[in-house]
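The following paragraphs offer a guided reading of the structure shown here. They begin with the packing of two helices and then turn to the metal sites.

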Amino acid sequence: MSLYAIGDLHLHYQSVLRAPGQLHDRVWKKHEEKFRKNCAKAVTEEDTLVLVGDHSWGKNLSECETDLQYIRDLPGRKILTRGNHDMFWDAKKTGQLNEMFNPGLTFLQDSYEAYRDYALVGTKGFTFEGPFFLDRRGRITGWDEEAEDHAKKLVERELQRLRKSFELAKADGYRRFIMFLHYPPTNILEERSGFTDMAEEYGADHVIYAHCHGEHRFNDSIRGEYRGRTYHLVSGDYLRWDPLKIL
Ligand SMILES: [Fe+2]
Ligand SMILES: [Fe+2]
C-alpha cells in the first residue's frame with residue numbers, strides 16, 4: 001500500500017489546448033500515454049494516487065468528461081485537489097462532484113481523507129506571481145503592490161480552507177498529516193509563508209505541490225527538507241510523468 005502524487009496533467013481530450021507550448025515541448029508529447037503506462041507499472045489497486053490540480057483544460061464539466069474518465073481508469077484510489085485551471089470545479093459545489101463520481105474519484109476540499117494513520121489534507125493554495133519589476137541585470141527591484149494586496153486576500157481564504165481540513169482531521173483523532181497544495185507554498189522571494197507556517201503548526205510530515213511547470217519554474221519554491229518537513233514538487237513534466245511515491 002503506497003501513496004503517490006502528481007499534478008498538472010492538463011488533459012484536453014475534449015477541449016482546446018490553451019497552452020500551445022505544450023505541443024512543442026518534447027516532454028509533453030503524448031504525455032497522457034506516458035503517464036498511463038507509468039501508472040500501470042507503479043500503482044496497484046491498493047495504492048492511493050493524489051492528483052494536485054490542473055487536471056483539465058475543459059471550461060466546464062461536459063468538456064472534462066473524457067479527462068475525468070481517463071483519471072478514473074487509472075489504477076488505485078484517486079484523490080483530486082483543485083488547480084487554478086480547473087474551471088469545472090466550483091469549490092462550494094465539491095459535494096455534488098463527489099456524488100457524481102463516487103465511487104472512482106474523490107474531490108478533496110474542506111475535508112480530509114484517511115491514509116493509514118495519516119490524514120491527507122489539502123487545498124488549492126495561492127502564491128503571488130508578480131508582476132515583478134526587474135533592473136537591467138534581471139534583478140528584482142519591486143513588484144505590483146496592488147496585485148500583491150489582492151494575492152494576500154486569496155492566500156488568506158485558502159489558509160482558512162486548509163485550516164478547516166486540518167481541524168476536521170484533528171477532531172477525528174489524526175496526529176499525522178500530509179499536506180497537498182496546487183500552488184507552491186511560497187512565492188519566488190519568500191522563504192516562509194502562511195502555508196509553511198501551517199505545515200509546521202500541525203506538524204505535516206510532507207508538503208506536496210505542483211503548478212510550476214516548464215524547467216524555468218522548477219526552482220520557484222522549496223524542494224527537499226525545510227524546517228522539519230519535506231517539500232515535493234510534483235508537476236507532471238518535472239516528474240517526467242512518473243507519479244512520485246511519497247510513502
Ligand atoms: Fe498547470
Ligand atoms: Fe496551475
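In this predicted model, residues L61, L68 and R72 of helix α3 make contact with L97, M100 and F101 of helix α4. Two packed helices are described by the angle between their axes and the distance between the axes. For α3, which spans residues 61-72, and α4, the axes come within 13 Å and cross at roughly 55°. That angle makes α3 oblique to α4. The crossing in which α3 passes α4 is right-handed.

The loop that precedes α3 leads to the metal sites: D54 lies in the loop between β2 (48-51) and α3. D54 coordinates both the iron ion (ligand 1) and the iron ion (ligand 2), and these two ions are 3.3 Å apart.

Consider the iron ion (ligand 1). Its protein donors are D8 (OD), H10 (NE2), D54 (OD) and H213 (NE2), at distances of 1.9 to 2.2 Å. Along the sequence these donor residues follow the spacing D-x1-H-x43-D-x158-H. Because D8 is located in the loop between β1 (3-6) and α1 (21-24), whereas D54 belongs to the loop between β2 and α3, the pair ties together parts that are 46 residues apart in sequence. Both D8 and D54 are buried. The angles among the four donor atoms run from 91 to 168°, and the site is irregular. Since four donors count as tetrahedral if all angles lie between 85 and 135 degrees, the upper end of that range, 168°, excludes the tetrahedral class.

What coordinates the iron ion (ligand 2)? The donors are D54 (OD), N84 (OD1), H182 (NE2) and H211 (ND1), at 2.1 to 2.2 Å. Here too the geometry is irregular, with angles of 87 to 159° among the four donor atoms. The donors of the iron ion (ligand 2) are spaced D-x29-N-x97-H-x28-H along the chain. Within this set, N84 and H182 link distant parts of the chain, being 98 residues apart. N84 sits in the loop between β3 (77-80) and α4 (94-101), and H182 in the loop between β9 (176-181) and α6 (194-202).

Are N84 and H182 buried or exposed? N84 counts as partly exposed because its relative accessibility is 23%, and buried means under 20% relative accessible area. H182, by contrast, has a relative accessible area of 0% and is therefore buried.

Read together, the loops carry the description from the helix pair to the irons: D54 lies in the loop between β2 and α3, and N84 in the loop between β3 and α4.

Conventions
Residues numbered from 1 in each chain as written. Chains lettered and ligands numbered in written order. Predicted model: local features only at pLDDT ≥ 70, side-chain atom pairs only at ≥ 80, totals over all residues. Heavy atoms only, no water. Donors = N, O, S within 2.8 Å, 3.2 Å for Na, K, Ca; no water. Tetrahedral: all angles 85-135°; square planar, octahedral: opposite > 155°, others 65-115°. Helix = DSSP H or I, 4+ residues; strand = E, 2+ residues; numbered from the N terminus. Buried < 20%, exposed > 50% of the residue type's maximum accessible area, 1.4 Å probe, protein only. Axes fitted to C-alpha atoms, helices over the stretch in contact; angles between N-to-C directions. Parallel < 35°, antiparallel > 145°, perpendicular 65-115°, else oblique. Left-handed = near helix turned anticlockwise from the far one by under 90°. Contact = heavy atoms within 4.5 Å.
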